[in-house]
Amino acid sequence: MGICMTYFLVSTVRRHCPPDEPSGYLYLVDPHQQKVIQRSAIIEPLFRELDANPRGGMRGAKGISVRPDQIALANFSMIFRFDPQWNLLGVITHPSCAGVHDILFWEESLWVAAARADLLLQFDLEGHLQRHFYMRQPSPALQALGWRPPTLLNDEIIRKGKIDFRHPQEVEKETYDRAHVNSLCFLSNGDMLVSLGFVFDDKFANLLRLKIRLIQWGVWPLLKTVNRWAQRALGKKQKNMDQNLVVKPAQAKSAIVRITPNGQRSLRLPLHNITAPSHSLLALPNDTAIYLNTSDGSILHIEPERGQLLSNTKVAEHGFLRGVTTMNDHTLLVGNRGELIAFDLATCTVSERWQITNDPNEAVYDIKELPPHYATPPASFAEEFRRQTGYADPSALLDQWSP
């Protein structure tokens, strides 16, 4: 049965979840009644059991993209395509495609932001890799940003999948994920905007490695407690963010890069003093764009042709902004941890906000409107996958889906 009202799909990630529970869900939400219609367990990513990171890592549901004849849903390393009745059409995966964030149907291809390898990938709908942009390649954009990372990949490594970035024990995140390519959108002239959500150098990478060791040794919670005491003693406002340490020996950046149809890259907007990845580029009909500055909890409205900031509105003091789409001509729907925010772009004000989950470890990842002719999603994508393919584990068909 098709859906008659305007509903939205919301993907989520659950941190610190037990290994035998879903690490994320796909919600069907009615924002007008502020009601959850359906919550569907996702298909878990490959090798989830090998990922020791409790703070998301490989867990959860990722990007969503919808067109009239099909929908794409991603986890960390696989993109599942369904028809409007939620019959499985196919799966897109590739060794170079991991750390999947936002995905986007554009013409007859699917673009994927693959953060684990600093890659932007273009697949045809059968899953063949057509084109890629390695965002570490020297360019005027990186020169303007003042970032000179080591170039670790070449065309052969990427296309032939000589490094399997889907496997957490084959690559070190802090080595290959230095730009955190996590979102993209297209303007009407065919130019693409790409989010480098978290850009850092060797010094910052060493700090991240140290943090991982402290988590493994079990002392990171104690360090955060000491940090809160120090903040109070210094009279600083507390933020619910691990990166907000009293002493910050290094800083990261975010950036929006424009890529023209012939591949030229230019810097459109740099953000400095970044402590958490920026997220979720959204092109608007007038060729302006939205970008979420997660570090400041603010919604940025930009004019990308000149890189002009039209507005910068703080909407979350202790949040984690991620996921944005349009509800109507002037209202955005934005994710912030476990809540949804209705934001009036004309007045730069929050009109409503409501929780879709009370789990403090669950956070919104992506938001997309579901066309009215689509059926209600299945209650469990994992069970639906088993029913339609006869396999409980997608890895059983991995060779078939790795062109």
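**Strands, sheets and a buried aspartate**

Q: How many bridges join strand β9 (residues 109–114) to β10?
A: This is a predicted model, in which local features need pLDDT of at least 70 and side-chain atom pairs count only at pLDDT 80 or more, whereas totals for chains, interfaces and linings use all residues. Residues are numbered from 1 along each chain as its sequence is written, and side-chain values use heavy atoms, with hydrogens and water left out. Strands are DSSP runs of E with at least two residues, helices are runs of H or I with at least four, and both are numbered from the N terminus; two strands pair if DSSP finds at least two bridges between them. Strands β9 and β10 run antiparallel, with Leu 110 standing opposite Phe 123 in β10, and the number of bridges that join them is six.

Q: Which strands are the edge strands of the open sheet that has the order β8-β9-β10-β11?
A: This open sheet has four strands with antiparallel pairing. Its neighbouring strands are turned by 20 degrees against each other on average, direction ignored, where axes are lines fitted to C-alpha atoms (for helices over the stretch in contact) and angles between N-to-C directions run from 0 to 180 degrees. The strands that pair on one side only are β8 (100–106) and β11 (129–134).

Q: Which side chain of opposite charge is nearest to Asp 124, and at what distance?
A: Asp 124 is found in strand β10 (residues 119–124) and is buried, a word that stands for under 20% relative accessible area, with exposed meaning over 50% and partly exposed in between (1.4 Å probe, protein chains only). Lys and Arg count as positive and Asp and Glu as negative, while His and the chain ends are not counted. Asp 124 has no salt bridge, that is, no side-chain nitrogen of Lys or Arg within 4 Å of a carboxyl oxygen of Asp or Glu. The nearest side chain of opposite charge is that of Arg 81, at 7.9 Å.

Q: Which backbone nitrogens does the side chain of Asp 124 reach at 2.9 Å?
A: A polar contact is a pair of N or O atoms within 3.5 Å; within protein, one must be able to donate a hydrogen and the other to accept it, and residues adjacent in sequence count only if both atoms are side-chain atoms. Apart from these contacts, Asp 124 touches Ile 92, Glu 108, Ser 109 and Gln 130, not counting residues up to four places away in sequence, where contact means heavy atoms within 4.5 Å. The backbone nitrogens that lie 2.9 Å from the side chain of Asp 124 belong to Glu 126 and Gly 127.

Q: Why is one side of β3 (35–41) and of β24 (362–370) left without a neighbour in the sheet?
A: The open sheet of four strands has the order β3-β2-β1-β24, with antiparallel pairing, and neighbouring strands are turned by 25 degrees against each other on average, direction ignored. Within this sheet, β1 (residues 7–14) is joined to β2 (residues 25–30) by four bridges, and Ser 11 stands opposite Leu 26 in β2. One side of β3 and one side of β24 are left without a neighbour because both strands stand at the edges, each with a single partner strand.

Q: How many residues of strand β18 (residues 298–303) are buried?
A: Ser 298, Leu 300 and Ile 302 point one way from β18, whereas Ile 299, His 301 and Glu 303 point the other way, and all are buried. The strand is joined by five bridges to antiparallel β17 (residues 289–293) and by six bridges to antiparallel β19 (residues 308–314). The count of buried residues in β18 is therefore six of its six.

Q: Which residue has a positive phi in the turn between β18 and β19?
A: On the other hairpin of β18, which it forms with β17 and which has four residues between the strands, Gly 297 in the turn has a positive phi of about 65 degrees. The hairpin of β18 and β19 also has four residues between its strands, and Ile 299 stands opposite Thr 313 in β19. The positive phi in this turn, about 70 degrees, belongs to Gly 307.

Q: What is the relative accessible area of Gln 34?
A: Gln 34 lies in the loop between β2 and β3, and has a positive phi of about 50 degrees although it is not a glycine. Gln 34 is partly exposed, and its relative accessible area is 34%.
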